[in-house]
There are 2 protein chains.
Amino acid sequence: MHLHLSRETIARTGLELIDRDGLEALTLRNIASELSVGVTTLYGHVRTRDEIVSDVVGLLLGEVDTTARSGEVWEEVLRRVATSVRAVAHRHPAAFTLVATAPVDEAPVLDYARAIEEASVAGGISEQRFIESWQVIDAFLTGFLMMEATALTRARAAEADDAGTTSDAFRGDMSKVHSDAAFAAALEIIIAGLRQKWGRE
Amino acid sequence: MHLHLSRETIARTGLELIDRDGLEALTLRNIASELSVGVTTLYGHVRTRDEIVSDVVGLLLGEVDTTARSGEVWEEVLRRVATSVRAVAHRHPAAFTLVATAPVDEAPVLDYARAIEEASVAGGISEQRFIESWQVIDAFLTGFLMMEATALTRARAAEADDAGTTSDAFRGDMSKVHSDAAFAAALEIIIAGLRQKWGRE
DNA sequence: ACCTGAACACCGTTCAAGT
DNA sequence: ACCTGAACACCGTTCAAGT
């Protein structure tokens with residue numbers, strides 16, 4: 001009766017649980033009961049809970065559009081990746097923390113970076129300059145989307161509670177800024193900074 | 001025999017535990033036994049574990065040098081804050097995840113942002129432009145330092161284990177980039193992008 | 001008032017046993 | 001081979017009881 005129980009099925013179920021009930025719902029016991037299986041059965045397909053977390057990160061980064069398009073220059077590649085990863089963060093806000101805390105030198109994040117590098121180099125940027133630009137842009141994306149995702153998750157959690165009790169002007173200023181326009185503007189600031197630096201070299 | 005048990009003592013003990021034994025050591029039971037006190041005693045001074053986490057974030061951000069210096073222009077303020085918060089992340093790598101995942105519209109992070117705004121405005125930047133610049137720089141700092149802190153934490157944890165088994169060239173390229181020079185260069189790229197945008201307005 | 005052990009409903013993981 | 005319940009050593013939190 002096991003519906004193709006596998007590492008991927010386990011990770012996919014885990015992501016569904018996080019999307020539905022929050023990050024703290026990512027539990028071996030929850031996954032097992034969702035799959036109508038004993039808890040210890042999971043250990044036949046997965047070594048530890050951390051392995052499931054890594055697989056979930058892989059699922060999330062797999063949703064990002066990192067394919068190269070012909071005729072696309074590197075700025076366009078980076079804009080498309082930025083928009084795409086932001087969409088993932090908005091679709092899976094509670095799970096996005098896992099992406100932000102994932103080790104950058106291991107499989108899922110490394111594969112993601114490699115794909116973006118390939119598409120960027122195809123877009124006419126040197127490998128060295130790609131690394132320099134991705135260093136800044138990846139850090140920015142991680143930080144920005146982490147903050148947005150945290151705010152989204154908490155807003156969603158507060159839905160069931162009373163109306164908001166926020167009334168601080170500064171707080172409003174700082175959070176309203178998280179918008180499509182602010183995100184795009186920030187990305188352009190970084191690209192402008194890169195272009196200026198390289199123009200001088 | 002209670003050594004001034006208070007919210008701050010609890011948070012300070014919690015931070016020491018994280019620094020010594022990692023983030024998963026931040027446990028009510030560990031804090032209590034460190035203070036030679038029953039677990040439930042903590043509930044006399046703290047409502048939930050999350051409150052302790054928020055207090056630890058406050059301690060970390062309190063270590064950042066956000067004071068205004070006379071004669072300092074806004075770029076210098078932002079460089080000093082960046083260097084200072086990076087030092088905090090290096091001193092408390094395991095705890096830094098808490099800063100990155102903390103809600104940006106609540107007390108500890110909000111106070112921190114307010115102090116930097118004040119120093120920056122004293123350094124000759126308008127409030128509107130400060131918000132625009134901090135949006136990018138804060139996201140960059142959060143993302144960059146999160147990655148560094150994660151790498152540091154894992155490297156420290158691997159000390160007790162065997163020698164590293166890493167042998168991938170690309171992985172080396174991507175991680176070596178995390179250096180003082182790369183950090184400073186990234187910050188200058190963002191500042192250059194901001195100046196260019198404002199120069200055109 | 002302040003502190004507390006016992007208890008509750010959970011965790012991840014191991015292990016010996018079932019089929 | 002594959003799956004499993006019971007058990008272990010933990011969690012945060014509550015509650016009624018101690019001093």
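**View 1. Arg29(A) at a base of DNA strand C.** In this predicted model, a polar side-chain atom of Arg29(A) sits 2.5 Å from a base nitrogen of DNA strand C. A polar contact is a pair of N or O atoms within 3.5 Å; within protein, one must be able to donate a hydrogen and the other to accept it, and residues adjacent in sequence count only if both atoms are side-chain atoms. From chain B, an N or O atom in the side chain of Thr40(B) is 3.2 Å from a base oxygen of DNA strand C. At Arg49(A), a backbone N or O atom lies 2.9 Å from a phosphate oxygen of the strand.

**View 2. The protein surface around DNA strand C.** There are 17 residues around the strand; near means that a heavy atom of the residue lies within 4 Å. Those that come nearest are Arg29(A), Thr40(A), Arg49(A), Thr40(B) and Thr41(B). By class, this surface has 5 nonpolar, 9 polar and 3 charged residues. Helix H2 (residues 28-34) of chain A gives the largest share, 3 residues. Helices are DSSP runs (H or I, at least four residues), numbered from the N terminus. Of the strand atoms within 4 Å of the protein, 47% belong to sugar or phosphate, and the rest to bases.

**View 3. The contact between chain B and chain A.** Each side is listed here: 43 residues from chain B and 43 residues from chain A. Contact means heavy atoms within 4.5 Å. The buried area is about 3900 Å², and carbon and sulfur atoms give 71% of it. That area is the accessible area (1.4 Å probe) that two parts lose on being put together, summed over both.

**View 4. Salt bridges and helices between the chains.** Chain B and chain A share 4 salt bridges. In a salt bridge, a side-chain nitrogen of Lys or Arg is within 4 Å of a carboxyl oxygen of Asp or Glu. Arg154(B) pairs in this way with Glu106(A), with the closest N and O atoms 2.5 Å apart. On the chain B side, the elements giving two or more residues include helix H7 (127-158) and helix H9 (180-200). H7(B) gives the largest share, 15 residues.

**View 5. Chain B superposed on chain A.** A rotation of 180° with 0.0 Å of shift along its axis does this, with RMSD 0.0 Å. The copies are therefore related as by a two-fold rotation axis. Superposition is by least squares on the C-alpha atoms of residues with pLDDT of at least 70 in both. Of the contact residues of chain B, 100% recur in chain A.

**Notes.** Residues are numbered from 1 along each chain as its sequence is written, chains are lettered from A and ligands numbered from 1 in the order in which they are written. Local features need pLDDT of at least 70, side-chain atom pairs count only at pLDDT 80 or more, and totals for chains, interfaces and linings use all residues, while side-chain values use heavy atoms, with hydrogens and water left out.

Note on methods:
Nonpolar A, V, L, I, M, F, W, Y, C, P; charged D, E, K, R; others polar.
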